[in-house]
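Please open the structure in a viewer and keep the sequence at hand. The tour proceeds by selections, each followed by a note on what is found there.

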Amino acid sequence: MRRIRLMVVGPPSFLKPAVLQAFADAGVDLQGPVAAIDLAAALADAKLDGAIIDVDYDAKALFHVVELFDAIDVPALFATSRTGSIRGGFTCSENPEAINAIVHHLLGATETTLQ
């Protein structure tokens, strides 16, 4: 099974070590978190399947981040790292269902993780 490569845009506190490990165990390599202001430089040599963007950025930063990913045809979604804080949205957590929901949304139903 090929490894899935996702970039995470958010502050350093966005991903806890347990989340990084859960994604790695599921066959997903997370790059980052990268601060929105540093994203253009981080994308220079990146080979990505998708991106996870911290929804807590201000609107101007969110638009800028989305434009950068759109320009290089990388699918992206917004997520939070606070479990139970939003309905119907994505949560970047160690929960296998949350990991699969992110992967399926970004890459389509044919992509699966090891979960």
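Select Ile-4 and Val-28: in this predicted model, Val-28 of E2 is the bridge partner of Ile-4. Now extend the selection to both strands, E1 (residues 4–9) and E2 (residues 28–34), which pair in the parallel sense over five bridges. To follow the chain between the two strands, add helix H1 (residues 17–25), through which the chain crosses from E1 to E2. This β-α-β crossover is right-handed.

Next, select Ala-26, which lies in the loop between H1 and E2. Is Ala-26 buried or exposed? Its relative accessibility is 1%, and a residue under 20% is classed as buried, so Ala-26 counts as buried. Add Asn-100 to the selection: 74 residues separate it from Ala-26 along the chain, while the C-alpha atoms of the two are 8.7 Å apart.

Now display the whole sheet. In what order do its strands stand? The sheet is open and has five strands, in the order E2-E1-E3-E4-E5, with parallel pairing. E2 and strand E5 (90–91) stand at the edges, and each has a single partner strand, so one side of each lacks a neighbour in the sheet. At the E5 edge, select E4 as well; E4 and E5 run parallel and are joined by two bridges. Here Thr-80 stands opposite Thr-91 in E5.

Turn then to helix H3 (residues 59–71). H3 has 13 residues and reaches 18 Å from its first C-alpha to its last, close to the 18 Å expected at 1.5 Å a residue. Colour Ala-61, Leu-62, Val-65 and Phe-69, the buried residues of H3. Why do these residues line one face of the helix? Seen down the axis of H3, the buried residues fall within an arc of 100 degrees, so they line one face. To see what covers them, show E1, helix H2 (39–43), strand E3 (50–54) and strand E4 (76–80), which are included in that cover. Then rotate to the other side of H3, where Lys-60, Phe-63, Glu-67, Asp-70 and Ala-71 are exposed.

Finally, visit the two ends of this helix. At the start of H3, select Asp-58 and Lys-60: a side-chain oxygen of Asp-58 reaches to within 3.1 Å of the backbone nitrogen of Lys-60. Following H3 is Asp-73, with a positive phi near 55 degrees.

Notes. Residues are numbered from 1 along each chain as its sequence is written. This is a predicted model: local features need pLDDT of at least 70, side-chain atom pairs count only at pLDDT 80 or more; totals for chains, interfaces and linings use all residues. Side-chain values use heavy atoms; hydrogens and water are left out. Two strands pair if DSSP finds at least two bridges between them. Helices (H or I, at least four residues) and strands (E, at least two) are DSSP runs, numbered from the N terminus. A crossover is right-handed if, with the strands pointing away from the viewer, the path from the first strand over the helix to the second runs clockwise. The expected span of a helix is 1.5 Å times one less than its number of residues. Buried means under 20% relative accessible area, exposed over 50%, partly exposed in between (1.4 Å probe, protein chains only). The arc is that of the directions from the helix axis to the C-beta atoms. Contact means heavy atoms within 4.5 Å. A polar contact is a pair of N or O atoms within 3.5 Å; within protein, one must be able to donate a hydrogen and the other to accept it, and residues adjacent in sequence count only if both atoms are side-chain atoms.
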